[in-house]
Structures are given as C-alpha cells and as structure tokens.
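Student: I have just opened this structure and would like to understand the words people use for it. Could we go through it together?

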Amino acid sequence: MEHGFGILTSMWVTPMIGVLILIFLPSRYETGVRLVSLLAAAITLVSSIYLYIQFDPRGGFQFEENMLWIDYFGVRYHHGADGLSVPLLLLTSIVIFCGILSSWDGIKHRVKEFHILMLLLVSGVFGVFISLDAVFFFIFYEIAVLPMYLLIIVWGSTRKEYSGMKLTLYLLFGSVFVLIGLIAVYVHTGMKTTDLLEFKALLAANPPSDLFVRTIFPMMFLGFGMLAAIWPFHTWSPDGHVAAPTAASMLHAGVLMKLGAFGILRVAVYLLPEGLRYWADMIVALSLVNIIYGAFVAMHQTDLKFVIGYSSVSHMGIVMFGIGMLNYEGFAGAAFQMFAHGVMTALFFACVGAIYDRAHTRQIHAFGGIYRRMPIVCGAFLCGGLAGLGLPGFAGFVAEFLVFWGAFKAHPVIASIAVVGLVLTAFYVLRVFQRAFFGEPNPKWDGLTDSSAIQNTAYAILIGTMLVFGIWPRLFLDIAQADLNLLLSEVLR
Amino acid sequence: MIDVAPEAYVLGLAVFWLIVSVVRPGRDCTWLAIVLGLVGIWITWESSFRFGVMSPQIRFYQAYRVDLFSQGFKLLLMIGYVLILNLHKSDRSLVKRSQAEYQFLLAAALFGMMMLTSVYDLLVLYLAMETTSYSLYVLCVLRRRVTESTEAGLKYVLIGAVSSAVMLFGISYLYGLTGTTSIPGVMSRSADLVNTPGFVLGMFLLFSGLFFKLAAFPFHFWAPDVYEGTSNQVAAYLGTVSKVAATAFILRVVSMMPKAAEVMNVALYVVAIASMTYGNFVAIRQTDMKRMLAYSGIGHIGYLMVGVLAAINMGESGYTATIYYTGMYMIMNFAAFMVVHACVDESGRALIRNFNDLYRRSPLLCATLVVSMFTLGGIPPMAGFFGKLYLFMTAFKGGFVWLVVVGLLNSFVSLYYYLRVCKAAFMDPPAAPMPEIRLEPRRAALCIILIAYMVLFGFFSNAVDNYAALARSLLGPIGV
C-alpha cells in the first residue's frame, strides 16, 4: 500500500521551510524573522484546523502517507493521524502560534536563532504526532527534545545551565529505554520492518512471552513517562520550565510533556496492550503520587513559575491516572486532559512571562496588588487558574471530571484520595491570586504597564480554545472516541 | 598487476616526498599534496572498481590478498588521507624545515595501513604494522618546539615497541603450533586448536597488538597523552585513518576464523564493555578537547568491538554494521578534529575553553562542531545515529542484550560531554576577546560538505541503503 506525500508531511515540513528561510534571512531584520515564523505557525494552524474538520469520526488512521524509505532496515515513511493525534496537532499549532506572539517583545537578543530553534522543535513535535514508523517516531522525538537545551541555556533565566543540562539528560536517558524497547520489538518481529502497524500485526501473529511484555512495557512506559514527568522522574520538569524562556516554557509544558503521554499510548500501549493491563496498578500508584505530591509542592513555592511547574507535574499525573483506570472514561479524560492542560499551561506561562518581562521578578511575595496595573494579564492568569482547579465551563473541568468519573468506577478509594489533589490545586491557585495579584498594592509596581495588543491576541486565542472545548466537549470527544475505544478494547481483551 | 596500483601509487608518493624533502626542504607543498592525493583517490577507485578485481587475487607468494573488501577500505583510507591533508596549516604548525618530511611520513604511514587491509600472512602483518608505526612515531614529534610533543612521541615509541614485541610473541606461538605464518593456514587449524592454551594465548597476544593500535581499553594509555602532545593534524590522523586500518585487519582475521572460541567471545565482550564504559566516563572529566576526543575514541572502539562480536556470531549483518560504523566514525571524528585544528593555535593546548563563543567567531565552524558532536553522540537524524542503531540492532539479534543495554547507556553518558562542548561554543563568554576565525574557501567548502554528509547521509537514507549494500557486497569474497 503506497500513498504519496500529503497534508501530514506539510505539517512538519512547513516549520522546516520556515527554518530554511530564517537561516538565509539576515539577522538584523528582526520583525521579518518574527513574521516568517508567525507565518509558518499560521500555516500549520490552518492545516491542523483543516485536519480536525476533515477527520472522519469513525476513527482509524487517516490521511495516510506510506512509502518505503530504507529498504535495508525496513523503515517506512509512514504517517497517519488518528483521533488521538489530530487534537494534539491542533494543540501544538495553537501553542506555537501563541508562543511566537507572546515572545514578540520578550526576546531581544539572537532573535533569529531563537525562532529557528522554536520552529525546529515544533517540527519535531508535529513529526512525533503523525509518525507511524518507529524510526521516524524516534527521530522526531529527539528533534523535539534537543533544541530545548539550547533554548534554555541561551535565552533562559534562573540556573539555566544546570536546568538545561538536567532536562536534556533526563529526557535522553528516558529515550534510551524507549530505544531499547523498540529494538526489542524490532528483533522479536524478525527485523523485517519498523512500521508500527506492521509491528502490531506481527506481534499479534506471533505473541511475545509474558516475560517480554512485562519487561519491555515498563521500559517504554518509564522512558516516555520521564517526558510526561512521572514521579519520581519529574524533577527536571519544574527546573526546566522555570529556566526556559516564555515561549519555550509554553511549548514545553503545553506540548512536549504531552509527547510523553502520547508516546505511552501510541507506542507502549498500542504495541503491548497486555503490558498496560499488567502494570495498571503500578501506574495508578505512581500517578497518584504525582497528583498529590505535585500539588503539595506547588503550594509551597515562592516563585510563580515553580508553582506552575509543579502544577504541571500534578496535572500530568491526572493524565497517567486516567490511563491507569482501564475504562473509557479514564482514557477519554486522559486524552482530553492532555489537550486541556496544554492550552491552560501555555496560558499560564504566557502570563507569567509577561509579568516577568516587566517586573523582572517572579517572587510571589514581592508582588501585591498588581491586578490594578495589569488587569488583562492577571485576568488571563485568573482564567487559567480557574480552568486548572476545574471550574465548569473550561475544558479542564470536563477532562478532570471524566478522569475522576472513571476513577470512581474503577478504584473508588484511590479516587477519593486523588481528589485531595484538586482541592490543593484550588488552594495554591487562590493563594497566588491573593498574595500577588490582589491585596495591598505595592507602590514599587506603580510603573507596570499592561500587556501589548499582540500578547492579548495570544491570551484571547488560548482562553477561547479552553472555553469552546469546555462548553462543547463533544467537539473533542467525538473525534477521539472511536480510537480510544479501540485501544481500550485491546487492553481489556 | 593493476590490482596493487593503489599501493604502488602511494609508495611512489612516499618516495617522491622523500626526494623533495632532501632537495627542497621547507617548501610549503600543501596544494601539490592535495592534488596528488586526489589523484590517488581516482587511481584507487579506477583500479579497484572499474578495471579491478571483482574476484579475490592472492599476490606475492600467498602473502597478500586483494579483494573488494580490502579495496573498499583502501578507498576509505585514501579519502581519509586527503581529508587530513586539508588540515595542513603550513605556516604555524610544524617545524618549518620539515614540511616535505611531513608529507613523506604521512604517505609512508598510509602505505603501511593500506597493506594492513590486504594482509594474508602474519609476517606481512608485522611489516605493515611497523611501517605504519615508525612513520607515526616520527610524525608525533614534528610539532614545533613543544615539550609535550617530544614526550608524546617518546611515550608512543616505547609503548608501541612493547606492543609490537607482544604481537611478535603471539605470532611466534601461532607459528609454533601450526607451522605456518599464513593467516588462512593458521585459521584453518584453529578448529582443532581453539581450546588449547597456546593457541588462545597466541591469538590473545596478537589481538593485544591490534588493540594497542586501536587504543582499546587495556591498551589505551598512550592515546590521550599522544593526542594532547602531538600536532592537531597528526592527532587527527591517529584518531581517524589509523583506526580504520586496524579495524579492517581485525575484521579480516575474524572472517577467517571457522568458529569463535568461547574464550575469544568473552575477551571481546570484556574489551567492548570496558572500553565503552572507561572511555566515556573518563571523557567527562577532561578539560582538553583533544584528550576528550581521545577518550571518546576509546569509547567508540568499544562500540566497534560490539560490531566485531556481532560479526563473529551473526555473520554478514555484523560485518556490514561494523564497516558502516567505521566509515562513519572516520568522517565524524575528522570533522571534530578539523574544528579543533581551525580554532586552536598549534603552539597551545586545545582546551575546551578555547572554543568559547565560537558561535560568534565563526558560525560555520560552530555548526560543524555541533553537528559532529551530535553525530558522535548518536543523536538522530545524524548519520552516526543510524550507524549505532544498526550496530546495536545486530548485536541485539545476536543475543548480546546486556551489551546493547550497556552500549546505549554509554552513549547516553557520552552526550553529557558532547553537549558541554556545544554549550561552550554557544554560550560561554571567552576569557579574553578572541578574534574571528577566517576560513579559506577550501576549508569552508569542506565544512559544508562534512555538515551535509553528517546530516543528510542519515536522513536521505537511500544513501544508507546503498552504503550498506555496498558494504555487504565488499564482504562477498572475504573468507578462506
């Protein structure tokens, strides 16, 4: 079955073309650089909306492109999008678009290189979401991870060299395990192909031993799980988020961490569904720690970005928690949470970035009453916070509701413990509002100005997305339903 | 006799430079050398792949074998030689008077290495090794008025001499047991003798000599000191071309063994793991770029030994993976050395500090450095990733699961020090303002070619496909 290049290739090629144009653009044309990268992001945004509309809700891999690439290894250039990846493609293009908008004024030196790395990174992310071949999947995965190192050490703040190296080493360490797992599957299936679909067929025809499934699945799970900040491998994530520049944090927390969860579903669960069944309890236990511990630590942070960093750890725990429930509600909630958290956390980081650019500090206790000076930024942050603590009307509510519904069906006791995490979320979000935004105005901040029109556009897009999907969740669920059910039925078989 | 044309040409080249060194010492002849080297590539290509041997030829009284395998490696060596010539900075690096001598020794060493790929007799092996080694000994001390250079050369001579003696001792054992010095003769007896202590000892000593040339783990002591002390282009020569030749010989010996002894497997297993682990972990602590590359080289030899093990146990695919990786290693390591050579003044040390802010001083060199570090680290989609992937997949299939796990963990460790170099180049401010580096068009073009090779070779993987197929076809005529 051979299909030529199509729209999915354009998803990852468009940012690459942007990179090429930028390389040859003299770096003194800063506005030109920003416009080119914004244009590339806009094109991917349009394409991903088109994909979203055109996607057939009956599920399965669509828009496929399938060509033989390296005969000798059996590598195929195989791309396809299913109900799981289409929303994430949309998420990625929204976040990169808003990310470029919100770093419009923030990045002042080496503008060209910054945008080159951003586009490179996002190209890798798109590639991961659409790859159906293990080698391409892995290549894109690394392309998505590595530019972050340079983004952090060059444009970052707060212990940037330490954090950048830590983040990179953690993620690459994880990918070693992913690679071992993939090689094991490749060898088990006779070294004929690296196509994930064919892997699946070959694994079905020649089922691996229980031992194989039980050792390889956790390797892949933990390998990807490191990127999704699974406890106890989460410590890179708050450090990295804090150190990264605004747009990079947005991409990183908003999209890159989802790569981990997506990898678990697309590779580990898809290839070895029995593994998930066997290890589900373990996953529930680890993610419970994520939820509770992340929230507790977030409560005690004094740096705004650390608060959000640990809240991400907690929220990604909810994704894993949903996967571990082994029922439709849990799966759907997890998939939805990936999307909802991506938008929400991008909004958070955009707001914090705007505050930091003006005030040059992120210490909560240093602020006070800045709501009067920056009503729009604080208002946007408020929206993100309310979405985070699960206010109905925002996408986050639907996602968390689904996850906990599934959790109460499967493990009522554990679910009631996990709900504590939500309460804590409310606590730390409100604490930030109270200490930093409201309260006694600190005269030191009288000179602060509110966000620019360009940044407001980014906030509007992000808040709008959260509201649309929160009010009309079927927009998401209809797309993802069929494929999630299929995946689930294989796990439960 | 067209099949030995490459060796004849290189020998002629060496003689030519010897004469020049007497008649016109001190004349800068880089351009002439490059042109003559390119002619050499052409001759090797034409004689081997156009008119040349498609079936193996045994020459010189059963002592020398010319086949596709050896010719492919000769081409690779020739290319490496021309790359090294491109590094030559005539004015600063060497004692002025020894320009032509440098060319002579380079060509003489190349001649020895070419012989090494075709060796079919243990005595010829010894001759080839010594021809190479003696030239390299002298090359090491040609650096201008640096004490480390002398020290490095002395160290290299002493350890080299000991290892040659050890190898001869091993050869004497093999001769004593089998009554012949012909390698296929020895190997054909190995099925009976494989478990006798004498034979095992002989093989072990023989391989020790080769491991010395490769700087594999227990025989690596010389490498960091010699790299550090000698001039950059000679270090590059040692780090790239000479390893290709030694790998070629190891593959040839291995291909003639009917069946590997268990003890041989174990020994290679230990050497592979020890080399990888030791090299990569010690490289972390280095502050000198050339020392770091030396240790990273020790690590890479560990990966190559994984390939040799796979070749012994898995046959064809193991050879292909090893050949592929060898070729790749030569190019990527060369790229790293080229940046070292361009950035660092020959009279000083190549500290990683000296690469600070390379990003501003020369974006092209910085790009070359970053790409070569990523390739050495095996990060996709660089060419090195495919090499490593192939190596490890083959080993995994051969049942060396733990070897693969250790290998992958090691390549993860190696990323730390490779990334640190990238960080220095991008981020760290220089201690004192350093001037911009102006590259001549020749070397700028070389940079671009190398970057394109390292990035695209993996990505446009039909090239990988063809390369692997070529490597496989080179293997065809090997064996007894």
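Tutor: Let us take one helix, one loop residue and then one whole chain, keeping in mind that this is a predicted model.

Student: How do you know that the length of helix α13 of chain A agrees with its number of residues?

Tutor: The helix covers residues 304-324, and at 1.5 Å a residue its 21 residues should span 30 Å. Its end C-alpha atoms are 31 Å apart, so the two values agree.

Student: Why is α13(A) called largely enclosed?

Tutor: A residue is buried when its relative accessible area is under 20%. In α13(A), 21 of the 21 residues are buried, so the rest of the structure largely encloses this helix.

Student: What caps the N-terminal end of α13(A)?

Tutor: Asp303(A) does: one of its side-chain oxygens lies 2.8 Å from the backbone nitrogen of Lys305(A). After the helix comes Leu326(A), with a positive phi near 60 degrees.

Student: Now for chain B. Why is Arg143(B) called buried?

Tutor: Its relative accessible area is 5%, and the cut-off is under 20%, so Arg143(B) counts as buried. You will find Arg143(B) in the loop between α5 (122-140) and α6 (147-178).

Student: Which residue, 88 residues apart from Arg143(B) along the chain, has its C-alpha atom 5.3 Å away?

Tutor: That is Ser231(B).

Student: And what makes up chain B as a whole?

Tutor: Chain B has 20 helices and two strands, and 67% of its 480 residues count as buried. It exposes about 16,300 Å², with carbon and sulfur atoms supplying 68% of that area.

Note on methods. Residues are numbered from 1 along each chain as its sequence is written. Chains are lettered from A and ligands numbered from 1 in the order in which they are written. This is a predicted model: local features need pLDDT of at least 70, side-chain atom pairs count only at pLDDT 80 or more; totals for chains, interfaces and linings use all residues. Side-chain values use heavy atoms; hydrogens and water are left out. Helices (H or I, at least four residues) and strands (E, at least two) are DSSP runs, numbered from the N terminus. The expected span of a helix is 1.5 Å times one less than its number of residues. Buried means under 20% relative accessible area, exposed over 50%, partly exposed in between (1.4 Å probe, protein chains only). A polar contact is a pair of N or O atoms within 3.5 Å; within protein, one must be able to donate a hydrogen and the other to accept it, and residues adjacent in sequence count only if both atoms are side-chain atoms. Accessible areas come from the Shrake-Rupley method with a 1.4 Å probe; for residues, only the protein chains shown count as cover.
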